[in-house]
Amino acid sequence: MSRTIAICNQKGGVGKTTTAVNLAVCLAVLEKKTLLIDIDPQANASQSVGINEVQEEDIYEALTMAENSGEITFERLSQIIKPINPEYKLNCLNIMPSSPGLAKLEMELVNAANRERRLQKIVKTLGANYEYIVIDAPPSLNLLTINTLTAANSVVIPVQCEYFSLQGVAELLNTIKLVQSNLNSDLKIEGALLTMYDSRNSLAKQVVEEVRKNFPGKVFNTIIPRNVKLAEAPSHGKPILLYDIQSAGSQGYIKFAEEILEIKNG
Ligand SMILES: Nc1ncnc2c1ncn2[C@@H]1O[C@H](COP(=O)(O)OP(=O)(O)OP(=O)(O)O)[C@@H](O)[C@H]1O
Ligand SMILES: [Mg+2]
């Protein structure tokens, strides 16, 4: 069975997509069979691995399969999952892409059965085929995020090393508790991941201390540095490991992936 990790924080621009994409790529490079699920209508994770066109079918069709064809099967879901560009030689990585059309789902499912468990069903149907499933959540606490938390075994919370970065964390933790009590009692908080750390900025050091106080014993040792290569890579449709493996950003995400693997083995 796969281990499903949700990358969540309703605050925008904190490094969720960068973390989801690069964690999934690092796991695939380590030959772990990995599926990256993009459940954000912004589709930034899809674009970051070179999927820029809207596909004939994407996660929207997967999440509404119950209405449209009645049965959610491995075969039908497999048609929606895409391999990554073969030039990248990431044979262990697949993606379930997203597109802006996903934004209408919330309204469409307002009275639908099992509306919170759509992604869980998809993950369960695909789980035997993957060792890791990494989900890139949108910047909101809406139905898509509830689906993400309900489908996951654990959640990683990226926190940007900036002022205001802890704003909203209380609501996120509250939502996680609600999901744990009502929808997914197995959900664990894997930890907070500090992102975009700039050692020249004294405020960043204070934020690190604040985050450690807020998540006692639950902050990853790896701190992702602010690194321009990480910001450039998506515009080339490439994950950082393929764009510049020597960069501080690559090294940060390799270390983070190693920590994730240690948790499993430890
Ligand atoms: N460590 C980093 N160093 C420099 N730039 C970064 C870093 N991490 C992310 N970025 C850049 O910051 C911006 C926001 O990052 P990202 O898209 O990963 O955040 P997000 O939380 O997924 O945003 P959203 O809430 O819109 O989904 C992007 O332009 C990204 O390339
Ligand atoms: Mg994002």
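## Strand pairing

Two strands count as paired if DSSP finds at least two bridges between them. Strand β1 (residues 3–7) and strand β5 (residues 132–136) pair in the parallel sense over five bridges. In this pair, Ile5 of the protein stands opposite Val134 in β5. The model is a predicted one.

A second parallel pairing joins strand β6 (residues 154–160) to β7, over seven bridges. Here Val156 faces Gly191 in β7. Strand β7 is mostly covered, with eight of its 10 residues buried.

## The sheet

Both pairs belong to an open sheet of eight strands, ordered β3-β4-β2-β5-β1-β6-β7-β8. Its pairing is mixed. Strands β3 (82–83) and β8 (219–225) are the edges, and each pairs on one side only. Strands of a sheet pair through backbone hydrogen bonds, either parallel or antiparallel.

## Overall fold

The secondary structure comes to 13 helices and eight strands. The C-alpha atoms fill a box of roughly 55 × 45 × 35 Å along the principal axes. The radius of gyration is 17 Å; a compact globule of 266 residues would have one near 18 Å, so the protein agrees with that expectation.

Of the 266 residues, 46% count as buried. Contacts reach far along the sequence. Among contacts with a separation of 6 or more, 78% join residues 24 or more positions apart.

## The nonpolar core

The largest nonpolar core has 78 residues. Leu23, Ala24, Leu36, Val134 and Ile135 have the most contacts inside it. Helix α1 gives this core its largest share, eight residues.

Ala24 touches Thr34, Leu36, Leu93 and Val134, leaving aside residues up to four places away in sequence. Val134 thus appears twice over: it is among the core residues with the most contacts, and Val134 in β5 stands opposite Ile5.

## Around ligand 1

The shell around ligand 1 has 20 residues, of which Gly12, Lys16, Thr17, Thr18 and Pro139 come nearest. By type, the shell divides into seven nonpolar, 10 polar and three charged residues.

Three elements each supply at least two shell residues: α1 (16–29), β7 (188–197) and α11 (228–232). The largest share, three residues, comes from α1. Helix α1 therefore has two roles in this description: the largest share of the ligand 1 shell and the largest share of the largest nonpolar core.

Notes: Residues are numbered from 1 along each chain as its sequence is written. Chains are lettered from A and ligands numbered from 1 in the order in which they are written. This is a predicted model: local features need pLDDT of at least 70, side-chain atom pairs count only at pLDDT 80 or more; totals for chains, interfaces and linings use all residues. Helices (H or I, at least four residues) and strands (E, at least two) are DSSP runs, numbered from the N terminus. The radius of gyration is taken over C-alpha atoms; the globule rule is 2.2 Å times the number of residues to the power 0.38. A residue is buried if 20 or more other C-beta atoms lie within 10 Å of its own, exposed if 12 or fewer, and partly exposed in between; C-beta atoms are placed from the backbone. Two residues are in contact if their C-beta atoms, placed from the backbone, lie within 7 Å. A residue is near a molecule or strand if its C-beta atom, placed from the backbone, lies within 6 Å of it. Ala, Val, Leu, Ile, Met, Phe, Trp, Tyr, Cys and Pro count as nonpolar, Asp, Glu, Lys and Arg as charged, and the others, Gly among them, as polar. A nonpolar core is a set of buried Ala, Val, Leu, Ile, Met, Phe, Trp, Tyr and Cys residues joined through C-beta atoms within 7 Å.
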